[in-house]
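Thanks for sharing this one with me. Here are my notes, written as numbered points so that you can go through them with the model open.

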Amino acid sequence: MIHEILPVGPLHCNSSVVGDESTHEAIVIDPGDEIDQILALIRKHHLQVKRIVITHAHIDHVGGAMKLRAATGAPILLNQNDYALLKMLDVQAAWLGMPAPGKVDIDQSLGQADTVKAGSLSAQVLHTPGHTEGSICLYFPAEHKLIAGDTLFAGSIGRTDLPGGSYEKILHSIHDRVLALPDETIVVPGHGPLTTIGEERESNPFLQNR
């Protein structure tokens, strides 16, 4: 598996470029900004982007998706429960003092137990509401890797005080779906350093005493 992680934009969203080393087919996850740098990584590995997956519809994760779709022709996939948040991108931009990215068109909804493929790579979709209603994670079982969006972080969890957020739901999502994965699973959060399921199960203060 080719996997490049690029922190993009003012909030340093971890954008992932994931590619099959044999077929060079690829998935780009959360292209929030700095699309020229993402395209440079795609060219570096001679990749053909087949899917653009958005873990949730916050501007720092979805802001560059339309530019990437224009450059690659790849469809944009997002859980339909976050479509309402997409209509608030101008409001989100104002909160952060960023320019609004304009309208983002979604080509396909992704839900629980769906599969996203690129060459021999196959990711299972986990619907993990809590940070937003439509938050998802992508689990690559063969590679023991989870792209967690803003659901789970090293030592923390996603904030739940924004529209569509729910503390009860995010804990339910993490305990029922995310912590069901093997301890050795590498977690790539939406921001900050990598961790593992085992580390978070053992020491994440938000996940104790339940």
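1. Let me begin with Ile-27 and its surroundings. Beyond the residues within four places in sequence, Ile-27 is in contact with Ser-16, Val-17 and Val-18 as well as with Arg-51 and Val-53. Further along the chain, the contacts of Ile-27 include Val-116, Lys-117, Ala-118 and Phe-140. Ile-27 lies in strand 3. Because its relative accessibility is 0%, under the 20% cut-off, Ile-27 counts as buried. From Ile-27 to Ile-5, 22 residues away along the chain, the C-alpha separation is 12 Å. Please keep in mind throughout that this is a predicted model.

2. Now for the overall picture. The chain has seven helices and 13 strands. Its radius of gyration is 16 Å, close to the 17 Å given by the globule rule for 210 residues, so the chain is as compact as a globular protein of that length. Measuring along the principal axes is a handy check on screen: the C-alpha trace spans about 45 × 40 × 25 Å.

3. A few totals for the whole chain may help as well. Of the 210 residues, 51% count as buried. Among contacts with a separation of 6 or more, 59% are between residues 24 or more positions apart. The accessible surface comes to about 9100 Å², and carbon and sulfur atoms account for 50% of that surface. As for charge, the chain has 15 positive and 25 negative charges, and the mean positions of the two sets are 6 Å apart.

4. Where does the side chain of Ser-15 find backbone oxygens? A polar atom of that side chain lies 3.3 Å from the backbone oxygen of Ile-29, and the side chain also reaches the backbone oxygen of Asp-30 at 3.2 Å. Ser-15 is in strand 2, which covers residues 13-19. With a relative accessibility of 0%, Ser-15 counts as buried. Leaving out residues up to four places away in sequence, Ser-15 touches Glu-4, Ile-5, Leu-6 and Val-8 on one stretch of sequence, and Val-28, Ile-29, Asp-30, Pro-31 and Ile-38 on another.

5. Leu-41 shares some of those partners. Helix 1, residues 35-44, is where Leu-41 sits. Leu-41 touches Glu-4, Leu-6 and Val-17, with residues up to four places away set aside, and Glu-4 and Leu-6 are also among the residues that Ser-15 touches. Leu-41 counts as buried because its relative accessibility is 13%, under the 20% cut-off. For a sense of scale, the C-alpha atoms of Leu-41 and Gly-164 are separated by 33 Å, with their positions 123 residues apart along the chain.

6. Two residues deserve a look at their backbone angles. Glu-34 is not a glycine, yet its phi is positive at about 50 degrees. Glu-34 is in the loop between strand 3 (25-29) and helix 1, and with a relative accessible area of 28% it is partly exposed. His-46, also not a glycine, has a positive phi of about 55 degrees. The loop that holds His-46 runs between helix 1 and strand 4 (48-53). Is His-46 buried or exposed? At 63% relative accessibility, His-46 counts as exposed.

7. Pro-163 is another loop residue, placed between strand 11 (156-157) and helix 6 (167-178). Which residues does Pro-163 contact, leaving aside its neighbours within four places in sequence? They are Leu-85, Met-88 and Trp-95. Between Pro-163 and Met-88 the C-alpha distance is 10.0 Å, although the two are 75 residues apart in sequence. Pro-163 counts as partly exposed, at 34% relative accessibility.

8. Last comes Ile-197, in helix 7 (residues 197-203). Ile-197 is buried, with a relative accessible area of 0%. Residues up to four places away aside, Ile-197 touches Leu-146, Leu-152, Val-178, Leu-179 and Leu-181, together with Pro-182, Asp-183, Thr-185 and Val-187. Ile-197 and Gly-165 are 32 residues apart in sequence, and their C-alpha atoms are 22 Å apart in space.

Note on methods
Residues are numbered from 1 along each chain as its sequence is written. This is a predicted model: local features need pLDDT of at least 70, side-chain atom pairs count only at pLDDT 80 or more; totals for chains, interfaces and linings use all residues. Side-chain values use heavy atoms; hydrogens and water are left out. Helices (H or I, at least four residues) and strands (E, at least two) are DSSP runs, numbered from the N terminus. The radius of gyration is taken over C-alpha atoms; the globule rule is 2.2 Å times the number of residues to the power 0.38. Buried means under 20% relative accessible area, exposed over 50%, partly exposed in between (1.4 Å probe, protein chains only). Contact means heavy atoms within 4.5 Å. Accessible areas come from the Shrake-Rupley method with a 1.4 Å probe; for residues, only the protein chains shown count as cover. Lys and Arg count as positive and Asp and Glu as negative; His and the chain ends are not counted. The place of a charge is taken as NZ of Lys, CZ of Arg, CG of Asp or CD of Glu. A polar contact is a pair of N or O atoms within 3.5 Å; within protein, one must be able to donate a hydrogen and the other to accept it, and residues adjacent in sequence count only if both atoms are side-chain atoms.
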